[in-house]
Amino acid sequence: FPVFNTPPTIQFKLNSNPRAVGNDEVIAYTFPTRSFYWDAFDVDGQETITSIWYSIDDTLNWVQLPGNADNVTLTEIEAGEHVFYVKAQDVSGAFSETITFPDVEDSAVPNHWVVKQPQGSILLVNDFAQDQNLYDVQNFYTGILDELVGETGYSVWEIGSDRTPAVNAQNSLPFSPIDIEANLNYFDKVIWFAHLGRPNLTDAGLGITRFVRNG
């Protein structure tokens with residue numbers, strides 16, 4: 001009986017990465033913390049997956065995780081454009097394909113991921129996706145903050161929406177509560193404005209609660 005090994009497969013967990021709606025030549029922005037989630041599978045048995053390997057920006061400096069790992073949270077990522085790579089390896093040494101975020105061959109996700117460094121001690125959260133066309137409401141708040149603390153005294157976090165009609169979908173609320181809390185924890189004060197129609201306050205509730213609990 002000849003025995004053949006089947007290499008593992010891997011894919012990002014459904015909805016764990018932001019979507020690009022209508023145009024994939026867009027930028028997904030984050031602060032220096034970003035979590036990635038995936039599902040790895042092997043028809044020879046899940047126990048045959050011995051390692052998960054990930055890297056950021058190149059395929060030379062891989063970091064090894066246990067075979068049952070299904071996520072990683074990257075912190076202190078340098079400002080600028082980045083690419084995340086991840087693959088699975090089985091007991092025979094066979095690798096899955098390497099998947100990436102962003103993936104320029106996948107029109108459903110943004111083509112660019114850019115990390116921006118927090119500035120100032122105040123975070124202005126624009127949770128009003130429809131405002132992210134003309135920025136009438138955001139400009140109202142930034143005008144006040146410019147006078148109070150100066151242009152470098154605060155940061156802006158725009159939370160888009162991938163619901164119909166999609167606006168700034170590539171910057172919708174992060175999948176992981178860890179990332180939401182981390183975004184808030186870069187700052188001492190948060191000004192969060194939202195629209196009555198579809199705010200993300202409920203979905204971000206765990207991160208907000210932890211932020212407030214931490215003082």
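## Two helices that cross

In this predicted model, helix H2 passes helix H3 in a right-handed crossing. The axes of H2 and H3, the latter spanning residues 205-213, come within 8 Å and cross at roughly 40 degrees. Angles under 35 degrees would count as roughly parallel and those of 65 to 115 as roughly perpendicular, and H2 and H3 are therefore oblique to each other.

On the side of H2, the contact is made by Pro177, Ile180, Glu181, Leu184 and Asn185, and on the side of H3 by Leu206, Gly207, Ile208, Arg210 and Phe211. Sorted by class, the residues in this contact of H2 with H3 comprise 6 nonpolar, 2 polar and 2 charged ones.

## The three-stranded sheet

An open sheet of 3 strands, paired in the antiparallel sense, follows the order S1-S3-S6. Its edges are formed by strand S1 (9-12) and strand S6 (71-74), each of which pairs on one side only. On average, and with direction ignored, neighbouring strands of this sheet are turned by 25 degrees against each other.

Strand S3, which covers residues 34-41, is joined to S6 by 4 bridges, and the two strands run antiparallel; in this pairing Ser35 stands opposite Thr73 in S6. Helix H2 (residues 177-185) packs on the sheet, where H2 touches S3 and S6, and the direction of H2 makes about 170 degrees with that of S3.

## A hairpin of two further strands

Strand S4 (residues 49-56) and strand S5 (residues 63-66) also form an antiparallel pair, which is held over 4 bridges. Within this pair, Trp53 stands opposite Gln64 in S5. The hairpin of S4 and S5 has 6 residues between the strands, and in this hairpin Asp57 takes a positive phi near 80 degrees.

## Salt bridges

Side chains of opposite charge can pair when their charged atoms come close. With a cut-off of 4 Å between a side-chain nitrogen of Lys or Arg and a carboxyl oxygen of Asp or Glu, the count for this model comes to 3 salt bridges.

One of these salt bridges is formed by Lys13 with Asp39, the closest N and O atoms being 2.8 Å apart. Lys13 lies in the loop between S1 and strand S2 (27-30), whereas Asp39 belongs to strand S3, so the pair ties together parts that are 26 residues apart in sequence.

Notes
Residues are numbered from 1 along each chain as its sequence is written. This is a predicted model: local features need pLDDT of at least 70, side-chain atom pairs count only at pLDDT 80 or more; totals for chains, interfaces and linings use all residues. Side-chain values use heavy atoms; hydrogens and water are left out. Two strands pair if DSSP finds at least two bridges between them. Axes are lines fitted to C-alpha atoms, for helices over the stretch in contact, and angles run from 0 to 180 degrees between N-to-C directions. Contact means heavy atoms within 4.5 Å. Angles under 35 degrees count as roughly parallel, over 145 as roughly antiparallel, 65 to 115 as roughly perpendicular and the rest as oblique. A crossing is left-handed if the near helix is turned anticlockwise from the far one by less than a right angle, and right-handed if clockwise. Ala, Val, Leu, Ile, Met, Phe, Trp, Tyr, Cys and Pro count as nonpolar, Asp, Glu, Lys and Arg as charged, and the others, Gly among them, as polar.
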